[in-house]
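Got the viewer open and the selection box ready? Let's take a walk through this one, stop by stop.

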Amino acid sequence: MADALLDDVGDLLREAADQIVLPLFRKLDEADVSEKAPGEIVTVADRRAEELISAGLRRLRPGSMVVGEEGVADDPGLLRHLRDGGDVWLVDPVDGTANFAAGRRPFALMVALLTDGRPVAGWILDPLAGILASGRADDGTLLNGRPVGDTGAGPRLGELRGTAMTRFLPPETRDRVRAGGRRLGELLPGQHCAGREYLDILTGEQQFVLFWRTLPWDHAPGSLLVRAAGGVARRFDGVDYHPADEGHGLLVAANEQVWAEVHEALLGT
């Protein structure tokens with residue numbers, strides 16, 4: 001059955017990609033890139049895409065609130081709306097900005113919808129790969145309109161493939177993760193694009209990903225889509241991830257068995 005909201009937001013992301021993001025890929029001037037915080041860059045594509053997406057989302061749900069990555073950079077107080085009643089959109093206009101600014105792939109456009117504080121829908125578009133993931137929390141996940149199938153038990157321990165984003169981990173945790181990775185199979189360094197990591201779980205390219213930083217626009221869309229497909233997204237202590245919760249550490253896996261095995265291998269004491 002067609003889902004008008006999933007289709008409309010998906011079309012909006014494609015519009016932003018086609019009209020703003022892709023025309024600027026590998027065509028940015030020095031003036032088009034700036035530093036919004038130490039070590040954090042923003043491009044004209046991020047700002048323009050967030051404006052277009054935000055306006056479109058407000059048209060789809062009049063009276064809704066938009067909390068975008070670039071909007072929060074200007075006004076951190078917007079984060080307080082993530083527990084509000086009503087509809088609140090989370091927007092990451094260009095996830096993987098450092099890749100985009102350097103002329104590298106991957107990068108993605110992402111949106112999540114929270115209603116009365118509960119994540120209820122999510123979208124991730126990789127415009128270069130032509131992949132759109134979308135779904136509702138209670139109705140499963142779609143990849144380019146087709147349901148994501150049950151991943152089943154997946155590979156055995158020693159044959160797992162996944163990513164550990166170790167750059168920001170505390171030193172003791174980083175050492176434990178690197179050592180534990182040898183038990184799992186293939187431990188990848190990461191693609192500097194959270195949206196692509198989530199898509200790779202949904203497509204079966206990998207079975208898990210571990211993050212330290214958990215900014216809400218980076219993880220609300222993907223965590224919802226992985227869960228809706230039968231996966232798991234929890235903090236290191238086992239608490240389910242919620243985008244309004246502060247803190248660090250997130251382990252996402254294709255299913256419960258993989259989550260438990262990876263958690264023991266990378267984080268077990």
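Start zoomed out, with the whole chain shown. A compact globule of 269 residues would have a radius of gyration near 18 Å, and the protein has 18 Å, so the two agree. Along the principal axes, the C-alpha atoms fill a box of roughly 45 × 45 × 35 Å. Keep in mind that you're looking at a predicted model. Switch to cartoon and you should be able to pick out eight helices and 14 strands.

**Stop 1: colour by domain.** Select 4–147 and give it one colour: that's domain 1 in the domain assignment. Then select 160–267 for domain 2. If you drop a pseudoatom at the C-alpha centre of each, you'll find 21 Å between the two centres.

**Stop 2: the interface.** How many residues of domain 1 are in contact with domain 2? There are 37, and they meet 25 residues of domain 2. The two domains bury about 2,300 Å² between them, with 72% of that on carbon and sulfur atoms. On the domain 1 side, show R83, I124 and T141 as sticks: these lose the most area to domain 2, together 20% of what that side buries.

**Stop 3: stay on R83.** Add D245 to the selection. R83 forms a salt bridge with D245, and the closest N and O atoms are 2.5 Å apart. In total, the rule finds three salt bridges across the interface of domain 1 and domain 2. It also turns up eight residue pairs in polar contact across that interface, both partners at pLDDT 80 or more.

**Stop 4: what the domain 1 face is built from.** Select α3 (69–74), β4 (87–95), β5 (108–115), β6 (118–126), β7 (131–136) and β8 (140–143); each supplies at least two residues of the side that touches domain 2. Which of them gives the largest share? That's β6, with seven residues. Now recolour this side of domain 1 by residue class: you get 22 nonpolar, eight polar and seven charged residues.

**Stop 5: two backbone oddities.** Jump to P106, in the loop between α4 (97–101) and β5. Check omega for the peptide bond from R105 to P106: this bond is cis, with omega near 5°. Then move along to N144, in the loop between β8 and β9 (146–147). N144 isn't a glycine, yet its phi is positive, at about 50°.

Technical notes:
Residues are numbered from 1 along each chain as its sequence is written. This is a predicted model: local features need pLDDT of at least 70, side-chain atom pairs count only at pLDDT 80 or more; totals for chains, interfaces and linings use all residues. Side-chain values use heavy atoms; hydrogens and water are left out. Domain bounds come from an automatic or database domain assignment. Contact means heavy atoms within 4.5 Å. Buried area is the accessible area (1.4 Å probe) that two parts lose on being put together, summed over both. A salt bridge is a side-chain nitrogen of Lys or Arg within 4 Å of a carboxyl oxygen of Asp or Glu. A polar contact is a pair of N or O atoms within 3.5 Å; within protein, one must be able to donate a hydrogen and the other to accept it, and residues adjacent in sequence count only if both atoms are side-chain atoms. Helices (H or I, at least four residues) and strands (E, at least two) are DSSP runs, numbered from the N terminus. Ala, Val, Leu, Ile, Met, Phe, Trp, Tyr, Cys and Pro count as nonpolar, Asp, Glu, Lys and Arg as charged, and the others, Gly among them, as polar. The radius of gyration is taken over C-alpha atoms; the globule rule is 2.2 Å times the number of residues to the power 0.38.
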